Every structure is written in C-alpha cells, then in structure tokens.
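Here is a quick walk through one model, with the strands up front and the charges after that. Have the viewer open while you read.

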Amino acid sequence: MGLRVTSARLAEPADVPLLQGIEAAADARFAPYLDTSVFGSPPRGAERVAAGVVIVVGNPALGFAHLVELDDGRAHLEQVAVHPKAQW
C-alpha cells in the first residue's frame, strides 16, 4: 500500500475541519455489523479541539486520537478514528 504514516502530531488549524469527516467515514465502516444510528453525528472538529487534545496522523490528516482530562485529572482516550482510505 502506498500510504505510510511516519509520525503523529498535534492537530493544526488546517486539520480541524477534517476531523468530523474522518470520524463519520470511520464510523460508516461499522454499519454492516452494528446499528450505527445510535452513534449520532460526530462532533465538529472545533468542539473536539476545545474539549481536549487532538493528535493526528497524515498530512492532510487521515486519522486522529482525542484525549480529554477527567474530573480527577486522569487522561481518557475519548475517540480514535481512521479514515477508511488509510485503513489496510
């Protein structure tokens, strides 16, 4: 496969508008196996960035991890999504 991810980085402003589409496309991969209607619409990228730390892979971004801080100060991996075109 031609896609190679060599590093992860903090989301930059150009990545933010891509996050919602990445998550929606990744969620759609579950449709043959799960009732994805319960997932609802993914939040906008700006909401994710405002609520925690977003780490992306690819340039442009093709996947991301969203980390949030819990009330007790511990980190929580809230979401991981990879666009299907970047999945093997």
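## Strands and their partners

Val 53 has Leu 67 of strand E3 as its bridge partner. That pair belongs to a set of 5 bridges between E2 and E3 (residues 63-69), and the two strands run antiparallel. Keep in mind that this is a predicted model. On the E1 side, strand E1 (residues 8-10) is joined to E2 by 3 bridges, again in an antiparallel arrangement. Leu 10 pairs with Ile 55 of E2 there.

So what do the two faces of strand E2 look like, covered or uncovered? Over residues 53-57, Val 54 and Val 56 make up the covered face, while Val 53, Ile 55 and Val 57 sit on the uncovered one.

## The hairpin turn

E2 and E3 form a hairpin, with 5 residues between the two strands. Two backbone details are worth a look here. Gly 58, in the turn, has a positive phi of about 90 degrees. Then there is the peptide bond joining Asn 59 and Pro 60, which is cis, with omega at about 10 degrees. Pro 60 itself lies in the loop between E2 and E3.

## A buried pair between two helices

Now for the charges. The salt-bridge count comes to 6. One of them links Arg 48 and Glu 23, with the closest N and O atoms 2.7 Å apart. Arg 48 is in helix H2 and Glu 23 in helix H1, so this pair ties together parts that are 25 residues apart in sequence.

Both partners are buried, but by what numbers? Arg 48 comes out at 5% relative accessibility, and Glu 23 has a relative accessible area of 6%, with under 20% being the cut-off for buried. Setting aside residues up to four places away in sequence, Glu 23 touches Arg 48 along with Pro 42, Pro 43, Phe 64, Gln 79 and Ala 81.

## A buried acid without a partner

Asp 27 is also in helix H1, which spans residues 19-28. How far away is the nearest side chain of opposite charge? For Asp 27, that side chain is Arg 48, 7.3 Å away. Asp 27 is buried yet has no salt bridge; the rule for one asks for a nitrogen within 4 Å of a carboxyl oxygen, so this distance doesn't qualify.

What does Asp 27 contact instead, beyond its neighbours within four places in sequence? The list is Thr 36, Phe 39, Pro 42 and Gln 79. Pro 42 and Gln 79 turn up among the contacts of Glu 23 too.

## Salt bridges with more exposure

Other salt bridges involve side chains with higher accessibility values. Glu 47 and Arg 44 meet at 3.2 Å, N to O. Glu 47 is partly exposed at 40% relative accessibility, and Arg 44 is partly exposed as well, with a relative accessible area of 48%.

Arg 74 and Asp 72 form another salt bridge, and their closest N and O atoms are 2.7 Å apart. Arg 74 is exposed, at 53% relative accessible area, whereas Asp 72 counts as partly exposed at 48%. Elsewhere, Arg 9, Glu 12 and Asp 15 are joined into one network by salt bridges that share partners.

## Phe 39 and the nonpolar patch

Phe 39 is found in the loop between H1 and helix H2 (45-51). Its relative accessible area is 37%, which makes Phe 39 partly exposed. Beyond four places in sequence, Phe 39 is in contact with Asp 27, Phe 30 and Leu 34. If you want a ruler for the viewer, Phe 39 and Leu 70 are 31 residues apart in sequence and 22 Å apart in space, C-alpha to C-alpha.

Which residues form the nonpolar patch on the surface? They are Phe 30, Tyr 33, Leu 34, Val 38 and Phe 39, and together they have about 570 Å² of accessible area. Val 38 is another residue of the loop between H1 and H2, and Val 38 is exposed, with a relative accessible area of 65%.

Conventions. Residues are numbered from 1 along each chain as its sequence is written. This is a predicted model: local features need pLDDT of at least 70, side-chain atom pairs count only at pLDDT 80 or more; totals for chains, interfaces and linings use all residues. Side-chain values use heavy atoms; hydrogens and water are left out. Helices (H or I, at least four residues) and strands (E, at least two) are DSSP runs, numbered from the N terminus. Buried means under 20% relative accessible area, exposed over 50%, partly exposed in between (1.4 Å probe, protein chains only). Lys and Arg count as positive and Asp and Glu as negative; His and the chain ends are not counted. Contact means heavy atoms within 4.5 Å. Two strands pair if DSSP finds at least two bridges between them. Patches are made of residues with over 30% relative accessible area and no salt bridge: like charges are joined within 9 Å, nonpolar side chains (Val, Leu, Ile, Met, Phe, Trp, Tyr) within 5 Å. Accessible areas come from the Shrake-Rupley method with a 1.4 Å probe; for residues, only the protein chains shown count as cover.
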